Amino acid sequence: FTSSGILLFNNLTNKLYELSIIYIATTLIRCGYLVYLSIVIAGGTWYLYYLITDTLMIVGFIVNITFGYVSFSLKSGDMFVGVVDTVCFFVLSFFMNGMFRVMLAKMKWSKIQVLSFKIAKAYGVLFYLSFSLVNTYKMTMDTNVVHAGVFMLFVLLTMQYLLLTYGIISAYDGSSNFKTTYTIGQ
């Protein structure tokens, strides 16, 4: 290493720690806001919706496990950064699943809200597909094939998770049975 190389490495490490602290803070703020909204919408029983064991929870858990592997194996190699990434991702997805269930059970959804949610989920699937194609190709050229395969598994599982939420809301609004009202709780 030259002195500039060591300085660059130290700056990169410090930047990763700073970003990790910011990630922790934003995760806590987002989770707190999701809990607040859940209490406003569902009242005192809000937490019960967070504890439901269903397919959404299982697929989310598997996505988190693969994300943890990807985070530890493909990131900077820094244990702190890998732990922060994995824990924050897990906590945030847990709270987002709970809020999704609260919204389905307790909210009245208009047609535009349902369609907007579905478009956002479809966009997420397309984003992960394009993201995976580009990055998997780069990883097979730059690193080993095992890491690229695990990364692709994470991306495909995340796509499945998004499609699962799309399917759940389609069952609620009746479009899976060819109904075109696109309303929930009306």
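pLDDT is the predictor's confidence in each residue, on a scale from 0 to 100. The structure described here is a predicted model, in which local features need pLDDT of at least 70 and side-chain atom pairs count only at pLDDT 80 or more, while totals for chains, interfaces and linings use all residues. Residues are numbered from 1 along each chain as its sequence is written, and side-chain values use heavy atoms, with hydrogens and water left out.

The chain averages a pLDDT of 80. A score of at least 70 is reached by 83% of the residues. Among the helices (DSSP runs of H or I, at least four residues, numbered from the N terminus; strands are runs of E, at least two), H1 has the lowest confidence, with a mean of 77. H2 has the highest, at 93. Over residues 1-10, pLDDT stays under 50. For that stretch the model has one contact (heavy atoms within 4.5 Å) beyond four places in sequence. Where pLDDT is low, the predicted coordinates should not be read in detail.

The chain has six helices and zero strands. From the N terminus on, the order of elements is α-α-α-α-α-α. Of the 186 residues, 36% are buried. Here buried means under 20% relative accessible area, exposed means over 50%, and partly exposed lies in between (1.4 Å probe, protein chains only). The chain exposes about 11,100 Å², an area obtained by the Shrake-Rupley method with a 1.4 Å probe; for residues, only the protein chains shown count as cover. Carbon and sulfur atoms supply 72% of the exposed area. Among contacts between residues at least 6 apart in sequence, 76% join residues at least 24 apart.

The largest nonpolar core holds 34 residues. Such a core is a set of buried Ala, Val, Leu, Ile, Met, Phe, Trp, Tyr and Cys residues joined through side-chain atoms within 4.5 Å. Trp109 and Phe154 touch the most other members. At least two residues of this core come from each of H1 (3-42), H2 (46-50), H3 (55-74), H4 (79-106), H5 (111-142) and H6 (145-173). H6 gives the most, with 10 residues. Phenylalanine 154 is buried, at 6% relative accessibility. Beyond four places in sequence, phenylalanine 154 is in contact with Val63, Thr66, Phe67, Val70, Phe89 and Tyr128.

A search of the whole structure finds 12 aromatic pairs. Rings of Phe, Tyr and Trp (its six-membered ring) pair if their centres lie within 6.5 Å; planes under 30 degrees apart count as stacked, over 60 as edge-to-face and the rest as tilted. Tyrosine 50 and phenylalanine 94 form a tilted pair, 6.0 Å centre to centre with 55° between the planes. This pair links distant parts of the chain, with tyrosine 50 in helix H2 and phenylalanine 94 in helix H4, 44 residues apart. Tyrosine 50 is buried, with a relative accessible area of 3%. Phenylalanine 94 is partly exposed, at 29%. The rings of phenylalanine 89 and phenylalanine 154 have centres 6.2 Å apart and planes at 65°, so this pair is edge-to-face. Phenylalanine 89 lies in helix H4 and phenylalanine 154 in helix H6, so the pair ties together parts 65 residues apart in sequence. One aromatic cluster is formed by Trp46, Tyr47, Tyr50, Phe94 and Phe95.

A charge also sits over a ring in this model: the charged end of lysine 118 lies 5.4 Å from the ring centre of tyrosine 166. The criterion is NZ of Lys or CZ of Arg within 6 Å of the ring centre and within 35 degrees of the ring normal.

Two serines are buried. Serine 20, in helix H1, has 2% relative accessibility. Not counting residues up to four places away in sequence, serine 20 touches Phe80, Val81 and Val84. Serine 71, in helix H3, has a relative accessible area of 1%. Outside its neighbours within four places, serine 71 is in contact with Val81, Gly82, Asp85 and Thr86. Serine 71 and threonine 86 are 15 residues apart in sequence and 6.7 Å apart, C-alpha to C-alpha.

Leucine 153, in helix H6, is partly exposed at 43%. Leucine 153 and valine 63 are 90 residues apart in sequence, yet 8.8 Å apart in space, C-alpha to C-alpha. Glycine 174 falls in the segment after H6 and is buried, at 9%. The C-alpha atoms of glycine 174 and isoleucine 184 are 8.6 Å apart, at a sequence separation of 10 residues.
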